[in-house]
Amino acid sequence: MKVLVIQIKMIGDVLASTVICEAIKKAYPKCEMHYLIQKNTFPVVENNPFIDKVLFFEESKHKGLGGLFRLGTELKLEKYDTVIDVYGKFQSLIPTYLSGAKKRIGTYKWYSKLFLTETVIPDTECNGTANAFRILLAKTAIKKEVPQIFPKIHLTQLEIENAKNQIASQLDVTKKIVMISVLGSGKNKSLPDASMANVLNTIAATADVQLVFNYMPNQQEEAKAIFDLCDANAQSKIVFDFYVKGLRGFLAVLSQGDALVGNEGGATNMSKALNIPTFTIYAPWINRTSWNIFEETGLHEIVHLSDYFPELYKNKHPKNFKEKALEWYDKLNPELFSDKLQQFVKKISQ
């Protein structure tokens, strides 16, 4: 049996969909498992023992209808028995159809049955809907029950040793290390600067920990603006210029930290895959239950505007309020979750 899983775009989604590969490979160890992703997301699947081959969706090569037909032709040459389209948009549906696989599985949409042989309807009410959806796709593909599986990142011992050496050379190994997702992927996924500074002040006042800023190179000025808003005590505990080489380097350092605090995004999912405690502040328009796996373990905490002002949502999906993100962020005053944050920091500081 030869199986392809397609998951284009975001790092968190690519990491999440590895559970499909793992579930199928465990059920059929001799099957050949391929995974189609974008190159920049490869670090989260590198060394995954349940993936035999990684293929890349390349914008320059596969852009536009002609590029998608080219990709479909490439997939057809692989002679897959089953293709699972997790992404569920025309960028993946067209190549899935053109692959010629006998079983083509994906999400039900009014048009998707034109491309797929089987469709599933995700349960949008359960906790961890993103993970549950992927498990459902795996079950549909193999027609078997699948045990609960969660994403994992597979680091080498050398990567871990290199991370330990870098930490020892740049940080105080006698103190707890808290990685800070100081900025989200955009303004509508980032706690306002003053509020984030408030969060950092609270952490610094609660325990003597090191706060290591995590941000992209092009976000340096924005990160510095938040640093400047922090009080003197917080600034003394912030490590602003701790740089790592590449995403694998970041993952290895993250694996040696004690917690991650900040805006919801790929770093949160990576932390969970490394079993690192998280305190995540969700954007008001992101569904609280989509990515909240492991919350019941006590390792992970979530903060969402709906926890404090459920009446704002009027029983509608949070995505209906995306245009209100900046306005509603102002309602998510850090004082609302200050006690919860302090309890989390005390717990990870023990």
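Analyst: Ala, Val, Leu, Ile, Met, Phe, Trp, Tyr, Cys and Pro count as nonpolar, Asp, Glu, Lys and Arg as charged, and the others, Gly among them, as polar. This is a predicted model, where local features need pLDDT of at least 70 and side-chain atom pairs count only at pLDDT 80 or more, while totals for chains, interfaces and linings use all residues. Residues are numbered from 1 along each chain as its sequence is written, and side-chain values use heavy atoms, with hydrogens and water left out.

User: Happy to start with that pocket! How many residues of the lining of the second largest pocket are nonpolar, polar and charged?

Analyst: A pocket here is an open set of points on a 1 Å grid over the protein atoms alone where a 1.4 Å probe fits, with protein on both sides within 12 Å along at least five of seven lines; lining residues have an atom within 4 Å of a point. The second largest pocket has 13 lining residues, and N287, T289, K316, H317 and P318 lie nearest its centre. Its lining divides into 3 nonpolar, 7 polar and 3 charged.

User: And what space lies in the second largest pocket?

Analyst: Grid points are joined across faces, edges and corners, and a volume is the space filled by probe spheres set on the points. For the second largest pocket, that space is about 300 Å³.

User: On to the sheets. Which strands stand at the edges, each with a single partner strand, in the sheet that includes β3?

Analyst: Strands (E, at least two residues) and helices (H or I, at least four) are DSSP runs, numbered from the N terminus, and two strands pair if DSSP finds at least two bridges between them. The 6 strands of this open sheet follow the order β3-β2-β1-β4-β5-β6, with parallel pairing. One side of each edge strand is left without a neighbour in the sheet, and these edges are β3 (53-56) and β6 (118-120).

User: Which residue of β3 does L36 stand opposite?

Analyst: Strand β2 (residues 32-37) runs parallel to β3, and 4 bridges join them. H34 stands opposite K53 in β3. For L36, the residue opposite in β3 is L55.

User: Is β2 largely enclosed or left open, and how many of its residues are buried?

Analyst: Buried means under 20% relative accessible area, exposed over 50%, and partly exposed in between (1.4 Å probe, protein chains only). β2 also pairs with β1, in the parallel sense over 5 bridges, and I6 has L36 as its bridge partner in β2. β2 is largely enclosed by the rest of the structure, because its buried residues number 5 of 6.

User: Which residues of β4 are buried on its two faces?

Analyst: β4 is joined to β1 by 4 parallel bridges, with I84 as the bridge partner of V5. Another 4 bridges join β4 to β5, also parallel, and V83 has R104 as its bridge partner in β5. Both faces of β4 are covered: one side has T82 and I84, the other V83 and D85.

User: At what angle does helix α5 run to β4?

Analyst: Axes are lines fitted to C-alpha atoms, for helices over the stretch in contact (heavy atoms within 4.5 Å), and angles run from 0 to 180 degrees between N-to-C directions. Helix α5 (residues 90-98) lies across β1 (2-6), β4 (82-85) and β5 (103-107), and its angle to β4 is about 170°.

User: Which are the edge strands of the sheet that includes β9?

Analyst: This open sheet of 6 strands has the order β9-β8-β7-β10-β11-β12, with parallel pairing. Each edge strand pairs on one side only, and the two are β9 (238-239) and β12 (300-303).

User: Which residue is the bridge partner of L211 in β9?

Analyst: Strand β8 (residues 210-214) pairs with β9 in the parallel sense over 2 bridges. The bridge partner of L211 is I238.

User: Is S181 buried or exposed, and what is its relative accessible area?

Analyst: S181 is found in strand β7 (residues 177-181). S181 touches M196, N214, L260, V261, G262, N263 and A267, leaving aside residues up to four places away in sequence. S181 is buried, with a relative accessible area of 3%.

User: Last one: which residues of α11 are buried?

Analyst: Helix α11 (residues 246-255) is mostly covered, with 7 of its 10 residues buried. The cover includes α7 (157-170), β7, β8, β10 and α12 (266-273). The buried residues of α11 are R248, F250, L251, A252, V253, L254 and S255.
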